[in-house]
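Biologist: I am new to this structure. Please choose one part of it and take me through that part closely, with enough of the rest to place it.

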Amino acid sequence: MIGSPDVVALTKEDDFGDSFTDPCSLPEEFSVPLFAHAANANPWTKTSYAKFSKDFILVSEFSEQVGPQPLLTIPNDPKVCGTFDLNYFSLRIMSVDYQASFVGHPPGSNYPKLNFVEDSKVVLGDSKEGAFAYVHHLTLYDLEARGFVRPFCLAYISADERKIMHQFQELSSEFSKASEFLKSGNRKAFANELEKKLKDLEYTRSVLHKETELQKMNNGCYSTQAIEKANELANVEKSIYEHKDLLRQITSYPSRKKKDVDFVQHETEKPADTSVIDDTLNSNHSDVADKTVETESESIKSSYTPQLIKAKSAKCFDKRLKTMEELCDASFFHQTREQLNIIEKSFRGDLCLIYTSQIDRALLSKQSVTSFLFEAERSWEYGGTSKNFSISSNNPTVPILNLSGEPLSLDSYTTCIDVDHIKPGVESMDGPPESSTSDITQETSEAADTETKGSFSSDKSIEAFGGVSPSSLQANYFDGLERKSKVSIASPSENASSSVAVPQRMSDGNLVPMDTACCIGQDGFIFEEPLPELAQECCGDTVVNKEPLSLLQGDPALQVDYTLEESALAESPNMGLTFSELNTEEVEKINIEDVSDSTSFMSASTSSDRAVSPFTYSSALTLKQKKKAGHSALRFIRQYPFAQQAIFCLLSGRTLVILGVDEGTVRKLVNALFIFVPNLGKYGETVQPWLSSPFQLTDLQRWKLIGLQRAASPAGTSILHSLNRYSRYISILDCDNKTLRCPPYKGTLVSHLADHRTQIKRGSTYFFHVQGMLTQLTAKAFLYTFCHHIHLPMDINDQGSVTSRRTNFLLQLGYTVEESKIVHYLSELIKLHYIQGSSKGGNQSFCFNYTTSYLYKI
Amino acid sequence: MLRWILGGREAQGTVESAALFIGEEQPKNCFTEMQVLKGHFDIVRFLVQIDDLRFASAGDDGLVLIWNVETGDHLIELRGHTQQITAMISYTFIRGGNAHTALITASSDRTLSLWDPDSGNRVQNISDLQSPVKCLLVLVRLDVWLSGGNELCVWNRDFELQCKTVHHSDAGISAMVELPKNFIAAAMDKEIVIFKLNLSGSDIAVMAMRHLADHQDTIHSLIHVNDGLFASGSHIGELIIWDSVDWTIQAYEHILWEEPARDGQSEFKLNHQKPIERSIQHMSSDGEYIVAAVGSGLYVYNVLMKSVVAYRRIAHDSNVLHTVLQQDGCLMSCSEDGSVRMWELQDLPLPAEPASSGFFGMFGTFGRSSKQTGPPAKKIPEVPGLRSLELIGDLIGHSGAVQMFLSFKEKGLVTCSTDHLLIVWKDGEFQSQLRSLAVFQKLQENQEL
């Protein structure tokens with residue numbers, strides 16, 4: 001096992017370098033450590049230094065009892081972090097100077113004052129761990145906490161420094177959303193808590209009052225008991241006053257914020273308003289939240305039975321601090337988790353990919369007029385701020401430490417959901433159901449809980465933290481993790497994307513607090529498990545399932561090697577700010593999804609015979625399905641000489657009926673052709689992959705690609721009858737006899753699109769080729785639609801000249817008569833889409849031509 | 001079977017249909033866009049235009065639906081009749097200085113209703129009639145309307161019965177036509193009865209003036225031609241043109257579609273198997289020409305010249321149900337075979353080529369015409385001014401008999417059918433231009449131009 005640094009050392013020793021330098025050889029700083037793993041392993045699986053396999057999000061708290069502690073990671077999977085020391089890193093990120101927040105008694109004020117502190121955003125690097133993090137600090141209110149606040153932080157941890165730096169603004173805005181969820185939930189919970197506390201206090205006061213009166217009656221006004229009681233009463237009174245004030249402050253939050261928002265709108269440039277701007281993103285939301293605060297607290301008023309409060313509060317460490325979920329309202333907590341999951345998903349993978357897809361999306365969002373034609377519909381991304389993305393943010397200036405003073409413009413992304421992972425339909429297929437594992441873990445976690453409490457209760461200071469044994473910290477970490485894992489199972493499993501995220505899903509379900517090394521050892525076992533519930537969804541190839549295995553497993557020995565090396569390189573694990581020292585040419589790692597994405601070509605090739613239909617109607621069409629369809633399309637083009645005619649029919653809006661006896665064959669052809677259907681719809685509504693009853697005229701309006709069963713039954717004859725009846729509106733591809741009956745096509749456009757001698761080998765490549773050609777076509781259609789001189793009559797009696805001008809325009813664009821039909825059809829779709837908006841309501845018209853059809857044979 | 005379906009052109013050429021086949025190349029057919037309107041649950045039989053945009057449809061499900069022809073929107077549903085609707089007519093009257101258009105419907109449940117198509121209200125309703133009403137006629141001049149069933153009833157605007165005739169035969173009145181001087185012609189089985197409305201002050205009386213019994217069989221069609229003429233057609237193909245004032249016969253044609261002695265062999269056999277329907281189901285007129293739907297054929301007659309203009313014995317595969325003669329010399333017909341066909345009156349080419357099969361005397365036919373674009377080789381040189389009916393396009397969409405159609409000029413053509421559907425056929429080019437205009441208008445509104 002020789003890594004490149006070793007090799008370099010050897011050559012230096014031999015001293016050949018001076019006499020001969022190969023001009024082609026790479027400079028030393030670009031040399032990549034040789035990957036000495038198994039022959040077919042992916043060289044991008046491991047970064048040099050990071051001890052974790054992929055990016056993750058860490059939520060940690062600076063607990064007043066135990067110091068910095070990790071609460072949960074997203075993905076909630078111990079494997080992700082690998083041997084990465086979460087406790088240590090928590091300490092690091094929490095110790096970054098968090099702006100001092102005045103809570104408690106500010107000078108000049110008699111009563112505690114809540115500070116609505118802005119979140120701070122920091123970038124942090126740790127060369128020793130090979131980790132870079134975007135750290136988002138926030139505070140949550142807790143009545144029982146010291147100064148009523150508990151500091152938390154959300155950190156996005158990646159091995160790729162550039163990712164953190166480049167995506168800083170996006171990360172910031174996304175994390176601000178998550179933070180806002182937490183904070184608004186927290187305000188609600190805090191207000192509830194205050195209400196309860198006030199009830200208690202008032203009850204206590206009334207009891208004390210009675211007692212004081214009694215003392216006065218019995219012992220006289222100036223007896224010690226009476227004075228004591230009076231003092232106690234006065235304390236309670238004061239406490240009530242304070243709590244009332246707190247309640248007023250917390251409930252007055254929305255109006256304050258609103259004022260701020262107005263203010264900000266006038267002075268967006270003003271620095272130090274970052275979080276306020278972030279709040280504007282969620283201002284609606286928090287309004288709603290705070291309204292619910294009031295209403296709900298009212299309802300609690302009626303049901304809550306007040307308790308007597310002891311004069312002396314409990315010892316600080318005797319009480320159990322609230323969990324994060326308790327601190328924030330449960331629903332808000334789930335929202336936060338979802339948001340964090342979204343963040344995790346949208347930022348996973350290589351930076352280049354993220355960046356290109358961001359640019360891609362930003363550009364697409366500007367094309368809403370035409371993007372519905374051939375682009376995957378991503379309406380969920382259009383809302384909000386994504387439109388303002390400027391490509392010029394190539395080199396965002398990222399402050400290294402404290403970013404609260406940095407102006408943050410609104411041009412950040414809304415959720416960038418990887419299309420591959422949008423699977424609304426699979427939510428029901430949650431991870432493996434809760435089995436005995438969870439029960440066991442609960443017990444163990446409780447045990448761990450008590451253990452940690454015991455070990456920490458005597459230590460008040462943070463310094464003591466260092467003395468804690470790693471094992472207990474580990475347990476503590478899993479304690480937090482486990483607490484959250486119960487939540488995670490209740491919430492929809494976000495990792496349930498069809499095929500390739502399988503390993504994650506499995507490990508999600510099998511959350512067992514165990515040693516990380518143990519986890520790695522078990523990987524294989526978990527992986528090998530058959531997944532019956534996913535069998536029909538995923539492509540089910542062992543190729544795909546096994547591929548990520550090697551990634552995750554890694555080689556512990558290798559890891560150790562690297563870490564040793566790294567620790568030798570970095571002299572001191574100083575507080576983070578060591579970007580300049582660090583090598584930036586780390587090997588980019590590709591996460592599981594990306595690798596399997598690239599293998600989807602293989603899986604498509606092996607599974608294409610199974611004729612998996614992308615159309616399940618409940619789920620949106622994904623880019624991955626389209627890429628697979630690219631492979632089928634490639635096969636179709638090579639196999640059928642009349643493929644061009646068929647594609648022409650689809651592009652010109654003439655319904656193509658694929659007729660056949662065998663459902664698999666028909667579905668396969670539908671699968672191959674659906675990428676050419678304009679205005680496919682988010683769920684592929686315009687395609688009917690398999691129909692065994694005669695279709696109606698209205699179906700031709702809806703469906704542009706139909707798979708139709710040929711049967712000998714009476715139903716079959718009526719199907720044939722309808723085919724015959726509507727033959728002028730449809731083209732028929734008979735896959736049993738390998739014939740196509742359709743209008744003729746002359747031109748070069750489709751032949752470029754579907755050249756049967758194409759050199760393209762891979763389905764996804766072909767898909768992108770098609771996508772490129774179709775985009776070009778769409779651009780022409782756009783031009784044709786919105787060139788107003790060709791559509792508006794010069795005068796009232798000018799209808800005829802409009803027609804001729806249109807025709808000439810298309811001829812000038814270089815289109816034949818048939819190709820003009822395509823552009824014309826696309827143009828009509830654009831017009832309708834523009835006039836009606838994206839809503840597809842209303843009764844659609846159905847356009848057709850009177851043209852002679854010909855029969856094409858193979 | 002499949003070979004045949006996918007047989008391409010060569011198969012189409014040998015379609016074993018006696019009717020002519022136009023093929024898919026139809027440059028003169030401008031209807032390149034269709035919109036299917038769903039809403040009825042049974043056969044749709046009647047279409048009535050309300051204004052430039054709206055029309056009503058009614059049929060055997062007793063429903064009356066109001067539609068917008070431009071958008072295809074279903075505006076209002078008029079519910080109330082429990083049985084099939086037998087007649088529907090629009091009724092325009094002046095109220096408060098504004099013209100209102102209402103709908104009068106008659107149903108088999110022996111009710112008559114007046115509907116407001118704006119609000120959907122059933123403004124008036126008369127139930128428990130003695131017999132179901134088969135036809136309706138509005139006399140705009142007198143502001144009254146007539147219902148014809150087993151007796152003739154005269155109603156005023158407020159649905160008050162003014163007068164009625166005595167009970168007639170069981171056949172009842174099947175059609176009515178308004179004649180000058182307050183006379184009404186009504187078709188009752190084989191007779192045409194002329195009624196006179198006597199107006200004395202506000203009272204109206206009706207009395208039968210004369211019975212015209214010149215038809216040999218049941219009269220199916222009675223239409224107004226122009227101010228001086230009306231026409232009637234009977235079950236056995238008699239077409240009589242009457243004078244509106246003195247009720248004398250102006251012309252008599254007996255359309256026989258008779259078999260010629262020297263017919264082509266295949267034609268002969270085919271026709272032997274299937275007796276030719278020559279009932280005049282429907283007629284329409286533009287004042288100069290009359291188009292009669294005779295069985296599955298069409299017959300165009302010039303009332304001024306008193307001569308036949310053109311005819312086609314087999315214009316459809318099945319009985320023709322409705323015809324319209326348009327201003328531009330275009331003729332449309334719809335049939336039980338589910339298609340609408342568009343015809344053009346063309347002058348016959350000079351008799352250069354020999355007639356192959358179709359010389360049938362005065363009332364012959366062109367016979368079989370299977371070539372798609374072949375020139376009409378069959379002609380009758382003896383008849384001067386005879387022209388040919390050339391098929392210029394067909395509309396295929398309905399899967400049942402097309403009962404009726406209604407033209408909105410450039411806005412489109414509405415057809416209704418036995419398959420419970422209505423289809424609006426539109427000029428695709430025109431619609432595309434309209435959409436372009438709408439796009440630019442919206443761009444302007446949104447300040448995006």
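**Inside chain A, and around it**

Modeller: Chain A has 29 helices and twelve strands. Helices (H or I, at least four residues) and strands (E, at least two) are DSSP runs, numbered from the N terminus. This is a predicted model, so local features need pLDDT of at least 70 and side-chain atom pairs pLDDT 80 or more, while totals for chains, interfaces and linings use all residues. Residues count from 1 along each chain as its sequence is written, chains are lettered from A and ligands numbered from 1 in the order written, and side-chain values use heavy atoms, without hydrogens or water.

Let us look closely at helix α23 of chain A, which spans residues 663–673. Its buried residues are A:Val666, A:Arg667, A:Leu669, A:Val670, A:Asn671, A:Ala672 and A:Leu673. Buried means under 20% relative accessible area, exposed means over 50%, and partly exposed is in between (1.4 Å probe, protein chains only). What lies over those residues? The cover of α23(A) includes two helices, α21 (623–639) and α22 (643–651). It also includes the strands β6 (655–660), β7 (687–691), β8 (705–709) and β9 (730–734).

Take α22(A) next. It is mostly covered, with nine of its nine residues buried. They are A:Ala643, A:Gln644, A:Gln645, A:Ala646, A:Ile647, A:Phe648, A:Cys649, A:Leu650 and A:Leu651. Just after α22(A), A:Gly653 takes a positive phi of about 85°.

Now α21(A). A:Leu623 belongs to this helix. It counts as partly exposed because its relative accessible area is 22%. A:Leu623 and A:Ser764 are 141 residues apart in sequence, yet their C-alpha atoms are 9.7 Å apart in space.

How does this part fit into a core? A nonpolar core is a set of buried Ala, Val, Leu, Ile, Met, Phe, Trp, Tyr and Cys residues joined through side-chain atoms within 4.5 Å. The largest one has 68 residues. A:Phe636, A:Ile658, A:Leu673, A:Phe676 and A:Leu705 have the most contacts inside it. Helix α27 of chain A (residues 763–786) gives this core its largest share, nine residues. A second, separate core has 36 residues, including A:Phe695, A:Leu708, A:Phe846 and B:Leu395.

We met A:Leu673 among the buried residues of α23(A). It is also in the list of residues touched by A:Leu705. Contact here means heavy atoms within 4.5 Å. What else does A:Leu705 touch, beyond residues up to four places away in sequence? Its partners include A:Leu650, A:Thr655, A:Leu656, A:Ile658 and A:Val670. They also include A:Phe674, A:Val677, A:Thr686, A:Val687 and A:Gln688. Of these partners, A:Leu650 is one of the buried residues of α22(A), and A:Val670 is one of those of α23(A).

Step back to the whole of chain A. It has 858 residues, and 55% of them count as buried. Take the contacts between residues at least 6 apart in sequence: 79% join residues at least 24 apart. The accessible surface is about 36,800 Å², and 56% of that belongs to carbon and sulfur atoms. Such areas come from the Shrake-Rupley method with a 1.4 Å probe; for residues, only the protein chains shown count as cover.

Chain B has four helices and 32 strands. Of its 449 residues, 56% are buried. Among its contacts with a separation of 6 or more, 49% join residues 24 or more positions apart. Chain B exposes about 19,000 Å², with 50% supplied by carbon and sulfur atoms.

Some backbone details are worth finding on the screen. A cis peptide bond joins A:Ile74 and A:Pro75, with omega about 0°. A:Pro75 sits in the loop between β2 (67–74) and α2 (78–81) of chain A.

A:Lys738 is not a glycine, but it has a positive phi of about 55°. Its loop runs between β9 and β10 (739–742) of chain A. Is A:Lys738 buried or partly exposed? It counts as partly exposed, because its relative accessibility is 29%.

In chain B, look at B:Asp143. It too is not a glycine and has a positive phi of about 55°. Its place is the loop between β10 and β11 (144–148) of chain B. With a relative accessible area of 25%, B:Asp143 is partly exposed.
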